[in-house]
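Open the model in your viewer and keep the selection panel to hand. The stops below are taken one at a time, each with something to select and something to look for.

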Amino acid sequence: MTATMTDTPPPAAPKAAGAPQRSGRSFGQILLLVAGALLLLAAVRMITGSQQLDSAGQVSAALGLAVPIGLAGLAGLWSERSGVVNIGLEGMMILGTFGAGWVGWQSSPWLGLLCGIGFGVLGGLLHAVATVTFGVDHIVSGVAINLLALGATQYLAKLFFAGGAAANAGGNPKQSPPVDSLPQVTVPGLSDGLQSLENHHWFLISDLAGILGGLITNLSVITILAAVLFVGSWWLLWRTPFGLRLRSCGENPTAAESLGVNVYKYKYAAVAVSGGLAGLGGAFLALVTSHTYLEGQTGGRGYIGLAAMIFGNWRPGGLAMGAGLFGYSDALQLRNGGPTVHALLLLLVILLVALAGWKLYRTSLWQGAISLIVAALVLVWYLVTDEVPSDFVGATPYVVTLLVLSLSAQRLRMPKADGMRYRKGQGK
């Protein structure tokens, strides 16, 4: 993602027919990993007595915080799969929050939602014009869009919310008047039954009930839409000719053009979709999280979304897992985070010991030894304290971001032409 701006390289020689292709872990392996994670989480909850570790309330809060991060990451995935680095996701989310708040309080939250998406699309098209048409460095263009979006929304908020009907309705230069709520969905009957199972605090059964209960209770329609968009993006990008052509633009646009693909068109389409998804994430913050536009309410979620995309190795499934992890860590500071983070220290010790065993088995002696030393230090911290200080709890999402990126850096593979300058006609 941080590739410097260079011209697109010449086409690489094609791989031999019949060469084995690895597409990631199998479905059975994924199920085993999920089952192992659930057993480990249930064991830590029983040992520590921290019932909030996987309660329905914790999971529901984590899901609400993961949605804007996931949408920002999905926006980055669309853009970078076409070869355009999109550092401007934060700015496009800001545009989405303003558009949703500005139109939402004057009409309906549904129109506010559409306007938030539209404002994000405009930001994406501006980025596409700069990078695809004029060949501006992708990082420079993205940073410029972030600054432009921040300044423009601050100016427009003072212009539209500081006086007149907006001020009488509760607006001020830093926020819009309140916006009506979007509908929420709860599965009737099932939610109450899962809550009853969770309250028994049984091993694994109550853990599963808490997790499932958090996933089906008081769901915003945007949360459901986000889930559909994740599945739809996977299908469209990996199971259709359109997706194959778009991904070829991010791998080798010169070869794609030589096969008749209109590279400019696909890059523009991908970056416009990227802007719309980022705007949708911003609209979620304005319409669901706070029911109003607030200055600075994105809080760096565009950048965390990029981190989730990198953690997911530029794939929707891994991205969803990364967004869930960051949302969960962010939710800790909202729901009695000190004791829960303290319980997670024990979970971290177990994971570090497992990592050390794996590294030693692979004869990576130094990495295994370092993992054991860190595990011992964390274990001492867990044993001599009863609660993690609130200042550390607030920094947990950012610490998790750094840890995840550092641990997953060795297995990452970005699109080969990501961030590279492309000029029409190179493939002819």
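Start by selecting helix α7, residues 190-199, in this predicted model. Show the side chains of Ser 191, Leu 194 and Glu 198, the buried residues of α7. Why do they sit on the same side of α7? Around the axis they cover an arc of only 65 degrees, which puts them on that one side. To see what they pack against, add α2 (56-81) and α8 (205-216) to the selection. Then step just past α7 to His 201, where phi is positive, at about 60 degrees.

Next, go to helix α4, residues 109-133, and pick His 127. Is this side chain buried or exposed? His 127 has 0% relative accessibility, so it counts as buried, the cut-off for buried being under 20%. Now display Ser 141: its side chain makes a polar contact with the side chain of His 127, at 2.8 Å. To fill in the surroundings, select the residues in contact with His 127, leaving aside neighbours within four places in sequence. Val 84, Val 85, Asn 86 and Met 92 are among them. The list also includes His 138, Gly 142, Ile 145 and Val 271, as well as Ser 141.

The remaining stops concern aromatic rings. The structure holds 10 aromatic pairs. For one of them, select Phe 98 and Trp 102: the ring centres are 6.0 Å apart and the planes are at 25 degrees, so this pair is stacked, since planes under 30 degrees apart count as such. Both residues belong to helix α3 (residues 89-106), where they are 4 residues apart, about one turn of the helix. Colour the two by accessibility: Phe 98 is buried, with a relative accessible area of 1%, while Trp 102 is partly exposed at 25%.

Move on to Phe 242 and Tyr 266, an aromatic pair that is tilted, with 5.4 Å centre to centre and 35 degrees between the planes. This pair links distant parts of the chain, 24 residues apart. Phe 242 is in helix α10 (residues 241-251), and Tyr 266 is in helix α12 (residues 263-289). Phe 242 is partly exposed, with a relative accessible area of 28%, whereas Tyr 266, at 9% relative accessibility, counts as buried.

For the last stop, return to Phe 98 and Trp 102 and add Phe 119, Phe 160, Phe 161 and Tyr 293. Ring pairs link these residues into a cluster.

Definitions and conventions:
Residues are numbered from 1 along each chain as its sequence is written. This is a predicted model: local features need pLDDT of at least 70, side-chain atom pairs count only at pLDDT 80 or more; totals for chains, interfaces and linings use all residues. Side-chain values use heavy atoms; hydrogens and water are left out. Buried means under 20% relative accessible area, exposed over 50%, partly exposed in between (1.4 Å probe, protein chains only). Helices (H or I, at least four residues) and strands (E, at least two) are DSSP runs, numbered from the N terminus. The arc is that of the directions from the helix axis to the C-beta atoms. Contact means heavy atoms within 4.5 Å. A polar contact is a pair of N or O atoms within 3.5 Å; within protein, one must be able to donate a hydrogen and the other to accept it, and residues adjacent in sequence count only if both atoms are side-chain atoms. Rings of Phe, Tyr and Trp (its six-membered ring) pair if their centres lie within 6.5 Å; planes under 30 degrees apart count as stacked, over 60 as edge-to-face and the rest as tilted.
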